[in-house]
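The following exercises concern helix geometry, helix packing and aromatic pairs. Please work through each task before reading its solution.

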Amino acid sequence: AARSGASLCIAFNLDPELLRSQRVGAPLVQTFFDALRALRETLRALGSDLVLLEGSFEANLVKLARDLDARALYYNEDYEPGAIARDERVTRALESAGVAVRAHLDHVYFGAGELSTDGGDPYKVFTPYKRRWLERYRIASRKPVASERAIAGRLIPRERLPHTRDVPHPQEFGHEPSRLYPQCGETYARGLLETFLRAEGPSARYATERDIPSLEGTSRLSPQLRAGTIGIRTCFERAFAALERAEPAGARNIETWISELIWREFYQMILRRFPHVATQPFVPAARGIVWNDDRAAFERWCAGQTGYPIVDAAMTQLNATGWMHNRLRMIAASFLTKDLLITWQWGERYFEQHLADADLAQNNGGWQWSASSGTDAAPYFRVFNPILQSKKYDPEGTFIRAQLPALRNVPAKYVHAPWEMPPLLQAQSGCVVGSDYPFPIVDHAAARDRALDAYAAALGKLRVR
């Protein structure tokens, strides 16, 4: 838009129906509003403003274009089915009003149709997709844009812009804010990236520490990528620059983070090329799984009251902070879909309502992977043992104790399975199972057998022992 030579107005349209719906929750709303507030401050420092609209996208943007005598609207593509339909409506309305509409790729590095198999089909398996992605990256030239420099001098002055509303508070749309939810803003996002990629930062140990929830071993950039306060091209450019500087022993850590960013690209591509995943399993046969319609068990999972400490600690972190460590997302999702045999769609929706980085493509892809119903998913017979996962990734119970006060004084030997403690030790540690902390909601071994039977029956496979 800046290269067009025209004056620029930057606008954002709030959708009150979406903001009040079950599709979003307080953490996501708060982080988006923080991002808008930070963007407005940046634009005002440049002498302009963010035009903040609310209501009908078509009506508002057509009116804004007429008020400014605008010749064109520039926007970034979004692969969510609802967003695609919205963008098509807006495009038709603006073009009917004589305004050109320019769609651009920005939320992913490679568009959904850019990488295909040799036969021209979309990839369904991650590893060959990643291989092709890396091949194309080496010859691509998609540098991040220094946006403030690009738009400086092009922005319409604030006094010439139409009246605009204030950035709302989450309460206006029925969401309670929290100081524990992630911050969000361009300056903050850049700081996170700098901290993560510095020579002795978390990226130097990422391959080994990214799975340890008690450590700050991840970038924490997912809410920023979701809100758009940092660009994916920036992340890739900085990551590959760090890879070039890294010693051979440390290169694996950067490569692992790059691989995680490519997983994000993969799931975005899957959503765009196979939009049915938004509401249905990617694998058609998985529609035949007979799920356990147990609302009471689901509510205990939501509340972190399953009796399995690593699962309960994960859900407690999510409910309090709007964020959950990625290893814990897999553990919690496996427990819901395999141990409780409750449909992944219930869990997907709960995460959608409670994550500050809630993104349809990533959230759906992760849940379907755990439920063995998605593309390149975990084999149906892979059922995480929550006790073994807990011992492996939180061996001393550091994370568990931080999230679950009832287990704070439980010895490490029993913190992963407190019901195994002798009664006297339960009393001494202040954690009487059944009173201070719940008994396990299911027996894992029996639950695993039930899940394998249900999956094998639906998928037409032999029961794996």
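Three exercises with worked solutions follow.

The model is predicted, so local features need pLDDT of at least 70 and side-chain atom pairs count only at pLDDT 80 or more, while totals for chains, interfaces and linings use all residues. Residues are numbered from 1 along each chain as its sequence is written, and side-chain values use heavy atoms, with hydrogens and water left out.

**Exercise 1.** Determine whether the end-to-end distance of helix 20 (residues 444–459) agrees with its expected span, and state which of its residues are buried.

Solution. Helices are DSSP runs of H or I with at least four residues, numbered from the N terminus. The expected span is 1.5 Å times one less than the number of residues. For the 16 residues of helix 20 this gives 22 Å, and the end C-alpha atoms are 22 Å apart, so the two agree. Next, apply the burial criterion: buried means under 20% relative accessible area, exposed over 50%, and partly exposed in between (1.4 Å probe, protein chains only). The buried residues of helix 20 are His444, Ala447, Ala451, Leu452, Ala454, Tyr455, Ala456, Ala458 and Leu459. Their cover includes helix 14 (326–339) and helix 17 (386–393). After helix 20 comes Gly460, with a positive phi near 65°.

**Exercise 2.** Classify the crossing of helix 13 (residues 309–321) and helix 15 (residues 344–354).

Solution. Axes are lines fitted to C-alpha atoms over the stretch in contact, with angles from 0 to 180 degrees between N-to-C directions. The two axes come within 9 Å and cross at roughly 40°. Helix 13 is therefore oblique to helix 15, given that angles under 35 degrees count as roughly parallel, over 145 as roughly antiparallel, 65 to 115 as roughly perpendicular and the rest as oblique. With contact meaning heavy atoms within 4.5 Å, Met315, Leu318 and Asn319 of helix 13 meet Tyr350, Phe351 and His354 of helix 15.

**Exercise 3.** Classify the aromatic pair of Trp133 and Phe236, and locate both residues in the chain.

Solution. Rings of Phe, Tyr and Trp (its six-membered ring) pair if their centres lie within 6.5 Å; planes under 30 degrees apart count as stacked, over 60 as edge-to-face and the rest as tilted. The structure holds 33 such pairs. For Trp133 and Phe236 the centres are 4.5 Å apart and the planes at 40°, so the pair is tilted. Trp133 lies in helix 5 (residues 126–139) and Phe236 in helix 10 (residues 232–245), 103 residues apart. Both Trp133 and Phe236 are buried. Finally, Trp133 and Phe236 belong to one aromatic cluster with Tyr109, Phe110, Tyr137 and Phe240.

Terms used: Helix = DSSP H or I, 4+ residues; strand = E, 2+ residues; numbered from the N terminus.
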